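Visitor: I am new to this structure and would like a close look at a single part: the largest pocket, with enough of its surroundings to place it. Please start from the whole chain and work inwards.

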Amino acid sequence: MPDPLTAERDPRTLRWAAIALAAAGVLLALYPALRPYSDETTLDGADAMASGRWALSHLAGMLAFILMPLGLIGVRAAVTGTPGRRPMTAAFLTAWFGAGLALPYYGGEVFGLQAISEEAARTGDAELLTLADSVRMDAAPAAVFGIAMLLFAATGVLVALALTRSGRAARWLGWPFGAALVLYLPQFFGGPPVRIAHGVLTAVGFLLLARWLLTRTPDAGTERQAPAA
């Protein structure tokens, strides 16, 4: 199996990485926009968490976390031969491990909370929803989730630094992406407008990187030019 970190000589790497980043950005914008919001200690909250929208929105987030490290392979390829390569290698690794830690927590959000909520809605017993706190906030899941979010924040900072140091992109290009990942944990404490606005910021950051990747060539890192007539 080829090493993904040495894939930069394949020109398809950047194209597929751009697609992965663009898709991840759109999915991370859809996640808070589709997610139903309500008081999750009530039967209305149980109906929300048992709904198809709840599952679909969280699955969108999970797929985005899988796609993000794949997209960063292309960003690393695009800064090969520059001082940005080392922080991009670190960014790929932090994104990869962050995604690996985030996915089990999100599995609990999708399937665990949905099962609890369906039973609460069926029986009319809102007390069952206290089990949701066990799924989310017991020491082990909370620690795993917190570490995942810290790794994502590190990813954002490392990507921004890598692009700034590379000399192959505008110095500001990586910072919307970086800000989105640094703010990923804090935005969970905001209301729906804050979370939806953060989703838009995330999409912008990811799409800017995807667009930039489509203008690069793997080895030289130069802009693509139209062939001479």
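Guide: Accessible area is worked out here by the Shrake-Rupley method with a 1.4 Å probe. By that method the chain has an accessible surface of about 10,800 Å², and carbon and sulfur atoms account for 69% of it. The model is predicted.

The chain has 229 residues, and 47% of them count as buried. Its secondary structure consists of 9 helices and 0 strands, so the cut-off of at least four residues for a helix applies to every element named below. Along the sequence the pattern reads α-α-α-α-α-α-α-α-α. Among contacts between residues at least 6 apart in sequence, 75% join residues at least 24 apart.

Now the pocket. The largest pocket has a volume of about 550 Å³. Two or more lining residues come from each of α4 (85–123), α5 (130–137), α6 (139–166) and α9 (192–213). The lining is made of 21 residues, and those nearest the centre of the pocket are Y105, R136, F188, F189 and R195. By class, 11 of the lining residues are nonpolar, 5 are polar and 5 are charged.

Two of the residues nearest the centre, Y105 and F188, lead on to the aromatic rings. Both are members of one aromatic cluster, in which they are joined by Y31, F65, Y106, F145, F152 and Y184. The structure as a whole holds 12 aromatic pairs. In one of these, the ring centres of F65 and F152 are 5.1 Å apart and the ring planes lie at 40°, so the pair counts as tilted. The two partners come from distant parts of the chain: F65 belongs to helix α3 (residues 52–78) and F152 to helix α6, with their positions 87 residues apart. F65 has 2% relative accessibility and counts as buried because the cut-off is under 20%. F152, at 0% relative accessibility, is buried as well. Another tilted pair is formed by W96 and F97, whose ring centres are 6.1 Å apart and whose planes are at 40°. In that pair W96 and F97 are both exposed.

Another of the residues nearest the centre of the pocket, R195, leads to an enclosed space. R195 also lines the largest cavity, together with L28, Y31, P32, Y184, Q187, H198, G199 and T202. Two of these residues, Y31 and Y184, are members of the aromatic cluster described above. The largest cavity holds about 50 Å³ of space, and it is one of 2 cavities of 30 Å³ or more in the structure. At least two of its lining residues come from each of α1 (12–34), α8 and α9. Helix α9 contributes the most, with 4 residues. By class this lining has 4 nonpolar, 4 polar and 1 charged residues.

One neighbouring helix completes the tour. Helix α7 (residues 175–182) has P176, F177, G178, A180 and L181 as its buried residues. These residues pack against α3, α6, α8 (184–187) and α9. Helices α6 and α9 are both among the elements that line the largest pocket, while α8 and α9 both help to line the largest cavity. Helix α9 is therefore a useful one to follow in the view, as an element that gives at least two residues to each lining.

Notes: Residues are numbered from 1 along each chain as its sequence is written. This is a predicted model: local features need pLDDT of at least 70, side-chain atom pairs count only at pLDDT 80 or more; totals for chains, interfaces and linings use all residues. Side-chain values use heavy atoms; hydrogens and water are left out. Buried means under 20% relative accessible area, exposed over 50%, partly exposed in between (1.4 Å probe, protein chains only). Contact means heavy atoms within 4.5 Å. On a 1 Å grid over the protein atoms alone, a cavity is a set of points where a 1.4 Å probe fits but cannot get out, and a pocket is an open set with protein on both sides within 12 Å along at least five of seven lines; lining residues have an atom within 4 Å of a point. Grid points are joined across faces, edges and corners, and a volume is the space filled by probe spheres set on the points. Ala, Val, Leu, Ile, Met, Phe, Trp, Tyr, Cys and Pro count as nonpolar, Asp, Glu, Lys and Arg as charged, and the others, Gly among them, as polar. Rings of Phe, Tyr and Trp (its six-membered ring) pair if their centres lie within 6.5 Å; planes under 30 degrees apart count as stacked, over 60 as edge-to-face and the rest as tilted.
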